[in-house]
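Student: I have a model open and would like to go through the terms used to describe it. Could you take me through them one by one?
Tutor: Gladly, let's look at it together.

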Amino acid sequence: MTVEEFQEQEEFTADGWRDIWEKGQLDQSAEKVQAQLVQFHSLLLAPQRTNRIFVPMCGKAKDLLWLAGKGATVVGTEFAAYACESFFKDNNVPFDVVDLDGVNGKAYFSTDDKLNITIYQCDHYLLTSSMVGFTFDGVWDRGSFNSVPTKDRNKYVNHMKTLLTSTATMLVVVVEYEIISQSDERHNIPSAEECLLSAFAPSANIEKIDRSITEWQGVYRATKATILNPLRLELVLRGTPE
Ligand SMILES: C[S@@+](CC[C@H](N)C(=O)[O-])C[C@H]1O[C@@H](n2cnc3c(N)ncnc32)[C@H](O)[C@@H]1O
């Protein structure tokens, strides 16, 4: 299998993601707030600021609730209506839903005055700062850049830049595995870290702020490739795109 074939099979359509959600395969990932967010939130949230935080491709991450509990204005994007609805229901946050103007999708938003959370249920790449009404001070990206097919990663970064203030900080958690195909062929697939560096460079400072290796317990979704090394390398990177 070539790298191109691997990357193709890695790709998920909107229906593919919806299907995974409806089968309950991602519910577990939203059970708790991510430890890295709790550990590194002070790099993202400034005391004297509005703290408009973007959580791209958010699923039903509890992180949205945690950030809003810290007083942030939180906005997510997510394809799957199931994930958007479950986020509010599972966390007992009252919400309302409206159709988006000119874009195929809906906005799910908290009606609790103390929790400012909106999830745009639409293709992430259709979100604009004029839809939201502002640009973001920070981004919490856990598993989003990671789930973007390698060939779309520049598109992801370029789109992200249109949504941010000039001093915004991105915290990105990337996970890497060593992958081989069934024919025991090792892949020379660029790591997520390499992709992030090349997608942002030269107009960003990228700083590695944490690196942890844990025993791998997940289920890798690719059909023709297997995980060789049952270890999971998690990197937390901080970037300031221009
Ligand atoms: C691996 S999950 C990560 C979820 C979340 N960030 C977390 O930490 O739990 C990736 C999510 O991105 C969503 N997604 C992928 N591509 C998308 C797109 N183009 N627009 C909107 N959502 C997308 C999928 O539906 C899925 O919920």
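Student: What makes Asp 15 and Glu 22 a pair to start with on α2?
Tutor: Asp 15 and Glu 22 are exposed, on the other side of α2 from its buried residues. Before we go on, this is a predicted model, where local features need pLDDT of at least 70, side-chain atom pairs count only at pLDDT 80 or more, and totals for chains, interfaces and linings use all residues. Residues are numbered from 1 along each chain as its sequence is written, and side-chain values use heavy atoms, with hydrogens and water left out.

Student: Why is Glu 22 called exposed?
Tutor: Exposed means over 50% relative accessible area, buried under 20%, and partly exposed in between (1.4 Å probe, protein chains only). Glu 22 has a relative accessible area of 56%, so Glu 22 is exposed.

Student: What makes α2 a helix, and which of its residues are buried?
Tutor: Helices are DSSP runs of H or I with at least four residues, strands are runs of E with at least two, and both are numbered from the N terminus. Helix α2 covers residues 14-22, and its buried residues are Ala 14, Gly 16, Trp 17, Ile 20 and Trp 21.

Student: How do you know that these buried residues are on the same side of α2?
Tutor: They cover an arc of only 165 degrees around the axis, so they are on the same side of α2. The arc is that of the directions from the helix axis to the C-beta atoms. In general, an α-helix has 3.6 residues a turn, so residues three or four places apart point the same way.

Student: What do the buried residues of α2 pack against?
Tutor: They pack against α5 (81-90), where contact means heavy atoms within 4.5 Å.

Student: What makes Asp 123 and Arg 142 polar partners of the ligand?
Tutor: A polar contact is a pair of N or O atoms within 3.5 Å; within protein, one must be able to donate a hydrogen and the other to accept it, and residues adjacent in sequence count only if both atoms are side-chain atoms. A side-chain N or O atom of Asp 123 is 2.9 Å from a nitrogen atom of the ligand, and one of Arg 142 is 2.6 Å from a ligand oxygen atom. Both pairs are within 3.5 Å.

Student: How much of the ligand does the protein bury?
Tutor: Taken alone, the ligand exposes 600 Å², and the protein buries 91% of that. These areas come from the Shrake-Rupley method with a 1.4 Å probe; for residues, only the protein chains shown count as cover.
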